[in-house]
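Here is a short briefing to read with the structure open beside you. It starts at the surface and works its way inward.

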Amino acid sequence: MSTVALAPSTQQESLLAGVKAMAPMMLAYSPYALVIGSAVAGIGDPVAGWSGSWLIYGGSAHLAALKGIGEGAFATAIAVALLVNARLLVYSTSIARHWRHQPVWFRLFGAAFLIDPTWALADQHAATGASPEAHRRFFLGAGITLGLWWSAMIAVGAIIGNRLPDVGLELVAPLCLMSLIGTRVRDRGNRWAALAAAPAALLTSNAPAGTGLIAAIAVGCVAAHLSGRWS
């Protein structure tokens, strides 16, 4: 598919638009990153723990891996982290239709930055009808900005260590979630997905190794699909 190349000024605007769109989410995700950094400080090799911010790009999976490593169960840590991040398969399937005409290098590089907030912004931006090049630069601006900030905040948390207030994941994780779904529940399909997934997540909260999260995602997807058929 041939596209008209963007002018340099337009290229910069698309890149900056991604950075600006990610700024509010950076604020929402900062406490989460600090909590993970505090967990990193508690293991024997904090540098290795911090490197997980890039190797395991996902807060829940990173924490699960740190817990397994701290207990000496390395194989279990890897398996649980992969299972928790299995939700990224859903995001990849969703964004694939927008990336069909993107160059191979971007699909490979961009996949490493595809996580909850970057997927949410990319999905919204693609719906505006932006050109593939504009969308590519928008995503890179948003993804790289979050990646650098996330890694930096984990490092800060690791340095501060136990001096951080004991807020806990019970508060910071829902705050991150609210920053993602707050404006999206206006859509009927998204609203039904949230209403169905919430009780499913509650009922499966004691399921092992994050399988309850996978079940809740599946229930939400089915609800959104049925809502689309009914409408």
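Let's begin on the outside of this predicted model: the chain exposes about 12,700 Å², and carbon and sulfur atoms supply 68% of that area. As for the inside, 39% of the chain's 231 residues count as buried.

**Overall fold**
- The chain has eleven helices and zero strands.
- Read from the N terminus, the order of elements is therefore simple to write down, as α-α-α-α-α-α-α-α-α-α-α.
- Looking at contacts between residues at least 6 apart in sequence, you will find that 77% join residues at least 24 apart.

**The largest nonpolar core**
- This core has 33 residues, and the members that touch the most others are Met22, Ile36, Phe139 and Trp150.
- At least two core residues come from each of helix 1 (8-41), helix 3 (59-70), helix 5 (87-96), helix 7 (116-126) and helix 8 (132-160).
- Helix 1 is the top contributor, giving nine residues to this core.

**A second core**
- Apart from the largest core lies another one, made of six residues.
- Its members include Ala64, Ala65, Val80 and Ala81.

**A closer look at Trp150**
- Which residues is Trp150 in contact with, leaving aside its neighbours within four places in sequence?
- They are Tyr29, Tyr32, Ala33, Ile36, Ser53, Tyr57 and Gly59.
- One of these partners, Ile36, is itself among the four residues that touch the most other members of the largest core, as is Trp150.

Conventions: Residues numbered from 1 in each chain as written. Predicted model: local features only at pLDDT ≥ 70, side-chain atom pairs only at ≥ 80, totals over all residues. Heavy atoms only, no water. Core = buried A, V, L, I, M, F, W, Y, C linked by side-chain atoms within 4.5 Å. Buried < 20%, exposed > 50% of the residue type's maximum accessible area, 1.4 Å probe, protein only. Helix = DSSP H or I, 4+ residues; strand = E, 2+ residues; numbered from the N terminus. Contact = heavy atoms within 4.5 Å. Areas by Shrake-Rupley, 256 points an atom, 1.4 Å probe, with all protein chains shown as cover.
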